[in-house]
Each structure stands twice: as structure tokens, then as C-alpha cells.
Number of protein chains: 4
Amino acid sequence: MSEERIQQIIEAALAFFAREGFAHARMDDIAKTTGLSKGAIYLYFESKDAIIAAILKVFFRQEMLFMLRREPSPEPIHEQVLDLTQSMVGAIEHMKPFLSIAFEFYAIAGRRKEVRQFLWEYYTDLHAFWWELIQRGIERGEVRAADPDATAMTILAMFEGLALFWLVAPQSLDVPAQAEASMRLILEGLAPHHE
Amino acid sequence: MSEERIQQIIEAALAFFAREGFAHARMDDIAKTTGLSKGAIYLYFESKDAIIAAILKVFFRQEMLFMLRREPSPEPIHEQVLDLTQSMVGAIEHMKPFLSIAFEFYAIAGRRKEVRQFLWEYYTDLHAFWWELIQRGIERGEVRAADPDATAMTILAMFEGLALFWLVAPQSLDVPAQAEASMRLILEGLAPHHE
Amino acid sequence: MSEERIQQIIEAALAFFAREGFAHARMDDIAKTTGLSKGAIYLYFESKDAIIAAILKVFFRQEMLFMLRREPSPEPIHEQVLDLTQSMVGAIEHMKPFLSIAFEFYAIAGRRKEVRQFLWEYYTDLHAFWWELIQRGIERGEVRAADPDATAMTILAMFEGLALFWLVAPQSLDVPAQAEASMRLILEGLAPHHE
Amino acid sequence: MSEERIQQIIEAALAFFAREGFAHARMDDIAKTTGLSKGAIYLYFESKDAIIAAILKVFFRQEMLFMLRREPSPEPIHEQVLDLTQSMVGAIEHMKPFLSIAFEFYAIAGRRKEVRQFLWEYYTDLHAFWWELIQRGIERGEVRAADPDATAMTILAMFEGLALFWLVAPQSLDVPAQAEASMRLILEGLAPHHE
DNA sequence: TATGAATGAGTTTTCATTCAT
DNA sequence: TATGAATGAAAACTCATTCAT
């Protein structure tokens, strides 16, 4: 019941924060969208910042749950990577309406240690996931002996950059195509016959 | 004289916006830092938003001027790319204190068309620069016949992502090393003996 | 309840606007007089101008309601006119403390079409009322065949002018006496045995 | 030279006060229109209020100078009155662009004794003028033995009211025609064969 | 739990006035 | 005399938060 209310509030807040930004969105808006009164919001969250903090947590967990749950697969790494790329693109597209929020959090991260730490954990998890995949690829001989750390980081960075470009040029950028092209380029760089 | 004041204000504003965020930074602070009165600020900028708009323009032009000015060079593309990577890293490091501002602009871009357009022009310029370099590499036979569009985009995305990670984990990430590693991976993917 | 607050605010605003003028009266004062906080005022009116607009409407309706409600009467027109004159004088005296506000609205009317239109409607109503009375007088043969339009206008003008003189010389002008004298002069000009 | 500057300033101020109202018109506007700098204004007037005060004096003297200078005339009073009516209408039409200012002064009169007194003197002069004319009419037997005080006041009031209606309904009111009709009505009421 | 009216501190913005030159 | 950049006090307005019901 209480949990339900909290979800209601977070959803309403997400909508307004995405549309107006953290500073511009008003508690009034959130309350009205929730269908609750302004006072009621404060029964569940002690402040606007508390809502923002809650959203930070919700926001940076959803996206990758599907990935972190993947079982090790016997499929060729190459195929898995391309599959995952599609999934990532799907995830980015799914949260398109909220991308602005992500960048607002990044801005805040530059100023607040807790946010920085939280986000770093998130990226660490993602990184670990790709690291493992690459590592497996190396072990299986499907990937040349590249540095899996730096490679995973490169992949993550590429996805983040893509999300940014998509935010900035929603019409001009074919995200799935670009993501695939980028990933194929990286895969090419990882191909074992190079050595 | 007037130009000088405008620079003063932009600098003070940059400092406070970086430290506090657009919403939190107060005109009072900016004025005080400038050494001017609050009223004087309004002689040069008609509103806080006008200052932010001015900063947008200053901010996303500085970084790449050095690049766009480069003459075509006979050096091997491979060397040029690694050189440029160092320059980019230098630029990112140089504007480290203001990275938060960049991300705040990205968030705003998601909500305001003019900002989106301005940023897109910026990225278009950068993209054209890399595109040309790659194209030249292909013509010279130093790079395989990859899609220069997608490749340039990949490079840009990678740099943006790196900046983000650095903001989030200033201690944990060795930016120059990571940038070089990422770029070498991409270069590997572009190596001509692949075909 | 809400209606009650609105009345409270309008009353407080009237008092301060009358005393200080629209420009000088401060929202703070109005709030304090109401017993409300400044913020509360903004729950009911979105701006100072909105309060002024509301007052315009309240102000130019009260005065004449009593007149417009009058049933056609069999009394001699002559008597009716003198009765009405007294009522008008009563109305003017009643709103004496707020006369300044009326003139501020007239000044604004010169600059803003909507105000002009609103006031013109008000005068049109008043005009219609006197027009009808005069017309009835003509029909009954108690008034000579004068132009009822111009006559009604003359009467209204005379009252407005009187209000102005009273504002300017509250001590020197005996309004009831002057109003009666003016009206008797006009009635004389309307007497039927002239023709 | 100094006098010239003062005139310049008063004219510029008149223009802006008429257009924007006393409160809205800014010293900046006035200065710019004058062609002088803001600082220079303060060499000639010690404050905005001082300019307003100067305008009050200029404003309420121009209009009637032509009248007060009139020599007693042998013409029939009836004719003289209609002539004067035309002159008054001309005067009103002439200062049409500044009528708003007049009403702003009336509003201020309600709040400030000096303004009240100044205006009262002005009206007293005008009143005296009409009083004399009527008195002469009575003496000459061209006007019945009406109260010249009340009559003069009625005439003045009528003109003020007309000016107001014209401000409020510049299109709908034919001022010359209405003024003549109103005056004829009053003249009718003053006709000697009544007694 | 829930309401929503009320608060009041905090911010932007305005502009008459000053003053160094 | 004249300038116009600078001041700073004032005022409108905002909105997260509280609290009586």
C-alpha cells in the first residue's frame, strides 16, 4: 500500500522531472499528477531531494537488470555482443523520454560525492558484465588478448556517447544502425586473426 | 570595456554554475564574485537565462578550436589520431571543473530545441573533422574502407562517454591511458590488412 | 471560503490602492492588512495586475446597480430626476475614499484597450438608463423633444465632472447642492414650454 | 539655454508619461528621448517627481490661457458661449494625446494636498471666467437670473466629463457635436423667457 | 492517512539616483 | 555642463514545506 504510493509518486516525479528538469518541476505538479495532495507526498518522502534521490536509485537499476541476469551462453561471443547491443539500444530507446534526467544526474554527480559513488557502482556492475564476456571470449579464443578492462570501458563509453547524441539529434541519428556499426568496429578491433 | 565586463561576468558565472548548478547559483554570488553590483550584471545580461545562454556558446566552442584549425598533415593517420587523442584528453582535463555544466546543458538539450540545435552544430563540426581524417586515411590506404560517418561518430561517442566516466570517477579512471587504449582498439578495427 | 478570501484581498487592496496609488501600494501591505501572508495572496491572484483588474470590475459595477434596478415609475420625470440626482450624489459620497482609484483607471483607459472597453460598457449602461428616462419624459410630454442621446451624455458628463471637482476641492464644493443646481439647470433646458 | 534644456526634458517626459504612465515611464526613456544623458537630466531636475511637478504646472496652464485673455465682447452671450465651446473642444482635442496624464494628476490630487490646491486654483480661474460671462449675460438681460456660481461649475463639470468620455471612447463620441449639444441644453436652461 | 490552505524565506529583477571622469 | 556605468534599495513573485483539520 505504502509501496504503491511510493511508486505513484516516483512515476509522477519522473514525468515532471523529465519534462521540466529537477529545479523547475514543482511539488505541486508532482502531487497533482499523482492524484495525491501535496501534504500526502510528504508522508512518503521527506523532501523534494529525497524524491530525486529515490529516482536516482530506480533510474540506474532498471536499465541493466536484464543484462546482469544473463546466463553464460555457449553462443559465439560475436553473436552475443551483437545481441546485447540490440538490447542496449532497446533499453536506451525505452528510456528516451527520461534521458534528460540521466544527464541531470551526471551534472549532479560532478558536485555530490554520494551521487558519484552510486553511479560508479552502477557502471562498475555494467563494466564487470562486459569484462566477463570479453574475458570469456579471450579464453575461448574468439577474441584476441586485448585488455578486457579498457575494452569494456570503451564499450560503455560508446553507449553513453550514443545516448547523448541521440538526445541532441533525435531525428538525425539512427541509433540501432550506429550502435551496430560502432560495435562491429570494436569487434573488428578485437578479432583474433589480428595477432 | 563592455566586452571586458561581459567576460568578467561569464567567468564568475561559470565558476558558480559549475559549483552549484544553474538553478542553485545566485545572481548575488555572481555579482559579488565579479566585484560588481547585482544591478550592473543586468546592464550586460538581461536575465540569468541570458547568462546561461551566453555560456552555452562560449563553452562549446573553446574546446575544439585547436582541432579545427589543424592543417592536413602528411604524417601517418595512425600517428595523427593518437596525437589528437592526447589533445582531446588535454581539452577534457582542462575543462574538468566545468564538466558538470556540460551535462546540465545536455539535460537542457533534451527539453529545448535551440540548445539541441546549437549542440548538434557543434558535434557536426567535430564529426566533420574526424570524418575527413578517416576519409584521408582510406584514400591513402592507411585505413580500411570503413564507413567514415559511423566511425567518426563512434570516436566522438567514445570521448563523451569517457568524459562522463571521468566526472563520475575522477580517481578511478586514468583518462589518458583509457583514451589511448580505446583509440587503439578503434584503430585496430580500422587497420587495412583486415580486408 | 475562497470567495471570502478574494473579498478580503480586494478590500485590503482597495484601501491601499486608494491611499497610495496602484504603483506605490505594495503587495506586502495588502497582505499584511488582509492578515494573510504574501504567498497566500498569490493563491488567489496571479499578480498585482490581476488584483487591479479585479478591482476595476468590482468598482464600476457597485455604484449604479441601485439605478439599473429601478422600475419604471408613474411619478413625474422631474421628480424622478431629482431623486436620482440625490442617489447619484449618495453613491459618489459613498465611494469618496476611492475616487482616486477611479481616476487612475481613467488614465489607464487611455492606454489600454480592454480597460477602455470595460468602462465604455459601464457608461453605455448608465447612458441607456438615463436615455430611457428622458425618452419616457418626452413621450409623456413632460420633457420637450430634445435629443435623448446627447442629453443623457450631458448628465453623465456633469456627474463625472462633479466627482472630479469634489476630489480636488472636498471642502469648497457642496456636492449635493451643486448636483441639484446643475440638474435643475438641465431640467430647465428640457422643460416643454420652451418650444 | 538652461530654459531650453528644461523644455526639452519636459517634452520628452510628457511623451513618455502619456504613453506609459508616471510609474512605468523610466528616466532612461526620458533621457534617451531628450537626447541628453541620464545624468544631465539631474542637472535640471532633482528627481522624477520634480519633473512630474513641473509638468503639472505646464499642463494645467496651457489649455486656458487663450480663454483668460479674452476681452469682454459686445457680442451676444449666446454666441460667445458657443464660440468658447468650440475653443474648449479644440483645446481638448489638442491635448488628446496627453489626456491620460490629466487623469493621473486627478488621481494624485486625491492623495496630495499641493496637487489638490494647484488644480483648484486652476479651476477657480476657469470658473471665474465663466462666472463673469454669465454675470454679464444676466446684467445684459440675455440670461435669466440663474446662480452664476453653480452654472459655471456645471459648465466646467460638463467639459471634464466629456473629456473623460472621449478618452474612454475615442471612436464612439463626436466631441464637437456633443459639446455643442450639451452647451445648447444649458443655454436653453438659461434662456431669459423662462421667468 | 490525507488534505490543501497558508507560510515566509529566498530570488530575480527593476530603476531612480549618484559620481568619477 | 555632460556622461553613462554603477549602485543598491525596493518590490514582485516563487515554492518547498508545514500544520490544523
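**Chain contacts and DNA strand F in a predicted model**

Chain B and chain D do not touch in this predicted model; their nearest C-alpha atoms are 13 Å apart.

Visitor: How far apart are the closest C-alpha atoms of chain A and chain D?

Guide: Chain A and chain D are joined by no contact. Contact requires heavy atoms within 4.5 Å. The closest C-alpha atoms of chain A and chain D lie apart by 30 Å.

Visitor: Which three residues supply 19% of the area that chain A buries against chain B?

Guide: Chain A and chain B contribute 46 residues each to their contact. Together they bury about 3700 Å², and 75% of this lies on carbon and sulfur atoms. On the chain A side, the three residues that supply 19% of the buried area, more than any other three, are Arg111(A), Phe165(A) and Leu185(A).

Visitor: Which residue of chain B meets Arg111(A) in a salt bridge?

Guide: The rule finds 2 salt bridges across the interface of chain A and chain B. Side chains of opposite charge can pair when their charged atoms come close. For Arg111(A), the N to O distance is 3.2 Å, within the 4 Å that a salt bridge allows. Its partner is Glu104(B).

Visitor: Which element gives the most residues to the side of chain A that touches chain B?

Guide: Across this interface there are 14 residue pairs in polar contact. The elements of chain A that give two or more residues to the side touching chain B are α1 (2–20), α6 (99–109), α7 (113–140), α8 (148–168) and α9 (175–190). By class, that side has 27 nonpolar, 11 polar and 8 charged residues. The element that gives the most, with 14 residues, is α8(A).

Visitor: What separates Glu180(A) and Arg184(A) along helix α9 of chain A?

Guide: Over all chains, a search of the whole structure finds 28 salt bridges. One of these joins the side chains of Glu180(A) and Arg184(A), at 2.8 Å from N to O. The two residues are 4 residues apart in helix α9 of chain A, and therefore their separation is about one helical turn.

Visitor: Which residue of chain C has the C-alpha nearest the axis that relates chain C to chain D?

Guide: Chain C is superposed on chain D by a rotation of 180° with 0.0 Å of shift along the axis, at an RMSD of 0.1 Å. The two copies are therefore related as by a two-fold rotation axis. In chain C, the C-alpha nearest that axis is 1.7 Å from it and belongs to Gly189(C).

Visitor: What percentage of the interface residues of chain C are also interface residues in chain D?

Guide: The copies meet through the same surface. This follows because the share of interface residues of chain C that are also interface residues in chain D is 100%.

Visitor: Which elements give two or more residues to the surface near DNA strand F?

Guide: Phosphate oxygens of DNA strand F lie 2.9 Å from a polar side-chain atom of Tyr42(C), 3.0 Å from a polar backbone atom of Lys48(C) and 2.9 Å from a polar backbone atom of Ser37(D). The elements giving two or more residues to the surface near this strand are α3 (38–44) of chain A, α3 (38–44) of chain B, α3 (38–44) of chain C and α3 (38–44) of chain D.

Visitor: How many charged residues does the surface near DNA strand F have?

Guide: DNA strand F is surrounded by 31 residues, the closest being Arg5(B), Ser37(B), Tyr44(B), Lys38(C) and Tyr44(D). Of the strand's atoms within 4 Å of the protein, 64% belong to sugar or phosphate. By class, the surface has 14 nonpolar and 7 polar residues, and its charged residues number 10.

Definitions and conventions:
Residues numbered from 1 in each chain as written. Chains lettered and ligands numbered in written order. Predicted model: local features only at pLDDT ≥ 70, side-chain atom pairs only at ≥ 80, totals over all residues. Heavy atoms only, no water. Near = heavy atom within 4 Å. Polar contact = N/O pair within 3.5 Å; in protein donor to acceptor, adjacent residues only side chain to side chain. Nonpolar A, V, L, I, M, F, W, Y, C, P; charged D, E, K, R; others polar. Least-squares fit on C-alpha atoms with pLDDT ≥ 70 in both. Buried area = accessible area lost by both parts, 1.4 Å probe.
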